[in-house]
Amino acid sequence: MSAGVSNAGRGLYTPEVLAAAMELAAFPWRDDLPYTGTARSRSCGSTLDLALETDATGAITALGLRPHACAIGQAAAAQFVRGAKGQTRAAIAQARASLALWLAGDGAQPDWPGLALLDPARAYPARHGAILLAWDAALAALPTD
């Protein structure tokens, strides 16, 4: 099953979710990146540290992560990484807002690569904070000017 196909009815920690979580190994923490942010889920205690770099327009060009999150949080972070390069702070903020609405059942699935993989987690509100970690850490890291 591809990441673009819903895993509804198969449980939360599917082989696809676990495989996505493992993708983060390709994006290790980097001390050389100028911007860092941390996010913590109040519902489950998961955390994610994110380091990134931007170009002159504010678009993300490089990133590294240090996850201390459940497999759902890590799989969501992997989906974040898939679409983060080239995104600006404004685009990340818009995606984060859309993602929160979608998780709450109040909006359509955001236009971000791979989010269909996370569809089963919408039924688990305690995991929503973990899903949002990468977007929140990026917003904490990205300059506001």
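A salt bridge is a side-chain nitrogen of Lys or Arg within 4 Å of a carboxyl oxygen of Asp or Glu. In this predicted model, the side chains of Asp119 and Arg122 meet in such a salt bridge, at 3.1 Å from N to O. Asp119 is partly exposed, with a relative accessibility of 22%, and Arg122 is also partly exposed, at 27%.

By this rule, the structure holds five salt bridges. Three of them, including the pair already described, are listed below.

| Salt bridge | N to O distance |
|---|---|
| Arg82 and Glu23 | 2.7 Å |
| Arg30 and Asp32 | 2.8 Å |
| Asp119 and Arg122 | 3.1 Å |

The pair of Arg82 and Glu23 ties together parts that are 59 residues apart in sequence, because Arg82 lies in helix 2 and Glu23 in the loop between helix 1 and strand 1. Arg82 is partly exposed, with a relative accessible area of 39%, and Glu23 is partly exposed at 31%. In the pair of Arg30 and Asp32, Arg30 is partly exposed at 31%, whereas Asp32 counts as exposed at 53%.

Helix 1, residues 15-22, and helix 2, residues 71-84, also pack against each other, at an angle of about 65° and with their axes 7 Å apart. The crossing of helix 1 with helix 2 is left-handed. Helix 1 contributes Val17, Leu18, Ala20 and Ala21 to the contact, while helix 2 contributes Ala71, Ile72, Gln74, Ala75, Ala78 and Gln79. Of the residues in this contact, eight are nonpolar, two are polar and none is charged.

Key. Residues are numbered from 1 along each chain as its sequence is written. This is a predicted model: local features need pLDDT of at least 70, side-chain atom pairs count only at pLDDT 80 or more; totals for chains, interfaces and linings use all residues. Side-chain values use heavy atoms; hydrogens and water are left out. Axes are lines fitted to C-alpha atoms, for helices over the stretch in contact, and angles run from 0 to 180 degrees between N-to-C directions. Helices (H or I, at least four residues) and strands (E, at least two) are DSSP runs, numbered from the N terminus. A crossing is left-handed if the near helix is turned anticlockwise from the far one by less than a right angle, and right-handed if clockwise. Contact means heavy atoms within 4.5 Å. Ala, Val, Leu, Ile, Met, Phe, Trp, Tyr, Cys and Pro count as nonpolar, Asp, Glu, Lys and Arg as charged, and the others, Gly among them, as polar. Buried means under 20% relative accessible area, exposed over 50%, partly exposed in between (1.4 Å probe, protein chains only).
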